[in-house]
Amino acid sequence: ETAILSKGILHHHERWDGKGYPSGLKGLQIPIDSRIIAVADAYDAMTSDKIYRSAMTKDTAIEEIRNNSGTQFDPDITEVFINICLAEAD
């Protein structure tokens, strides 16, 4: 039942610019679910406390995602994600 999710999970560390892993996929070669997971996972990691650092504020995390749009993250997914985050804050 979870096999359909496996590619999305496998490739969520790929980067929009092709410098990610495990396969070095670039842009639209990266499965859409992987691109969505990448943004959501990064935001979650940044806004959660870790043993080695405190959580970033939501605004700081959004700015970090915005700064990596088009290099690390799909710019279209980044835009939608940020708009959703900002709408929830209002």
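In this predicted model, Ile-77 has a relative accessible area of 13% and is therefore buried, since the cut-off for that class is under 20%. Ile-77 lies in helix H4, and when its neighbours within four places in sequence are left aside, its contacts are Ile-32, Arg-35, Ile-36 and Val-39. One of these partners, Val-39, is 38 residues away from Ile-77 in sequence, while the C-alpha to C-alpha separation in space is 7.8 Å.

Helix H4, which spans residues 75–89, also holds Thr-78. With a relative accessibility of 2%, Thr-78 counts as buried, and its side chain reaches the backbone oxygen of Asp-74 at a distance of 2.7 Å. Beyond the neighbours within four places in sequence, Thr-78 is in contact with Val-39, Ile-65, Arg-66, Ser-69 and Phe-73.

The two buried residues of H4 described here are set out below.

| Residue | Relative accessible area | Contacts beyond four places in sequence |
|---|---|---|
| Ile-77 | 13% | Ile-32, Arg-35, Ile-36, Val-39 |
| Thr-78 | 2% | Val-39, Ile-65, Arg-66, Ser-69, Phe-73 |

Ile-65, one of the contacts of Thr-78, belongs to the buried set of helix H3 (residues 58–67), together with Ala-61 and Ile-62. These buried residues lie on the same side of H3, because they cover an arc of only 100° around the axis. Asp-59 and Asn-67, by contrast, are exposed on the other side of H3. The packing partners of the buried residues of H3 are helix H2 (32–46) and H4.

Technical notes
Residues are numbered from 1 along each chain as its sequence is written. This is a predicted model: local features need pLDDT of at least 70, side-chain atom pairs count only at pLDDT 80 or more; totals for chains, interfaces and linings use all residues. Side-chain values use heavy atoms; hydrogens and water are left out. Helices (H or I, at least four residues) and strands (E, at least two) are DSSP runs, numbered from the N terminus. Buried means under 20% relative accessible area, exposed over 50%, partly exposed in between (1.4 Å probe, protein chains only). A polar contact is a pair of N or O atoms within 3.5 Å; within protein, one must be able to donate a hydrogen and the other to accept it, and residues adjacent in sequence count only if both atoms are side-chain atoms. Contact means heavy atoms within 4.5 Å. The arc is that of the directions from the helix axis to the C-beta atoms.
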